[in-house]
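Colleague: I should like to learn how to read the features of a model. May we go through one together?

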Amino acid sequence: QYSTGGRTVLGRISKRGSRYLRMLFVQAAKVILMRANRWAGFSFGDWLSRASERMNRNKLAVAPANKLARMAWSILRHRTAFDAPRDEVVAGI
């Protein structure tokens, strides 16, 4: 992570750890990218819309995978529950 002047750059997805788990995160990100009309429903939907304008398809797939991996790490590290509103979870089913 690099931070300067209020701007945070998280960097690339690390090649350390499980290759299979990294592949699953990238596949999940590609599924998210296939449904552009639903991006607004995600907490990072605005960011994803702006990123799609400046990145190619493969780099764009790794960026949300990196975000998903960081979220998963944080949830596991701090032993907290993911607090998605119940209405949004039910609407997704």
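Colleague: Which pattern does the protein chain follow, read along the sequence?

Modeller: Helices (H or I, at least four residues) and strands (E, at least two) are DSSP runs, numbered from the N terminus. Here the protein chain follows β-β-α-α-α-α, with four helices and two strands. Please note that this is a predicted model, in which local features need pLDDT of at least 70 and side-chain atom pairs count only at pLDDT 80 or more, while totals for chains, interfaces and linings use all residues. Residues are numbered from 1 along each chain as its sequence is written, and side-chain values use heavy atoms, with hydrogens and water left out.

Colleague: How is the span of H3 to be read?

Modeller: The expected span of a helix is 1.5 Å times one less than its number of residues. Because H3 has 22 residues, it should span 32 Å, and its end C-alpha atoms are indeed 32 Å apart.

Colleague: What is found at the start of H3, and what just after H3?

Modeller: A polar contact is a pair of N or O atoms within 3.5 Å; within protein, one must be able to donate a hydrogen and the other to accept it, and residues adjacent in sequence count only if both atoms are side-chain atoms. At the start of H3, a side-chain oxygen of Asn56 comes within 3.3 Å of the backbone nitrogen of Asn58. Just after H3, Arg79 has a positive phi of about 50 degrees.

Colleague: Why does Asn66 count as buried, and Met23 as partly exposed?

Modeller: Buried means under 20% relative accessible area, exposed over 50%, and partly exposed in between (1.4 Å probe, protein chains only). Asn66, which lies in H3 (residues 57–78), counts as buried because its relative accessibility is 9%. Met23, located in helix H1 (residues 19–34), counts as partly exposed because its value is 39%.

Colleague: Which other residues of H3 are buried, and what do they pack against?

Modeller: Besides Asn66, the buried residues of H3 are Leu60, Ala61, Ala63, Pro64, Ala65 and Leu68. The buried residues of H3 pack against H1 and helix H2 (45–54), where contact means heavy atoms within 4.5 Å. Asn66 and Phe25 are 41 residues apart in sequence, yet their C-alpha atoms are 7.6 Å apart in space.

Colleague: How much of the protein chain counts as buried?

Modeller: Of its 93 residues, 19% count as buried.
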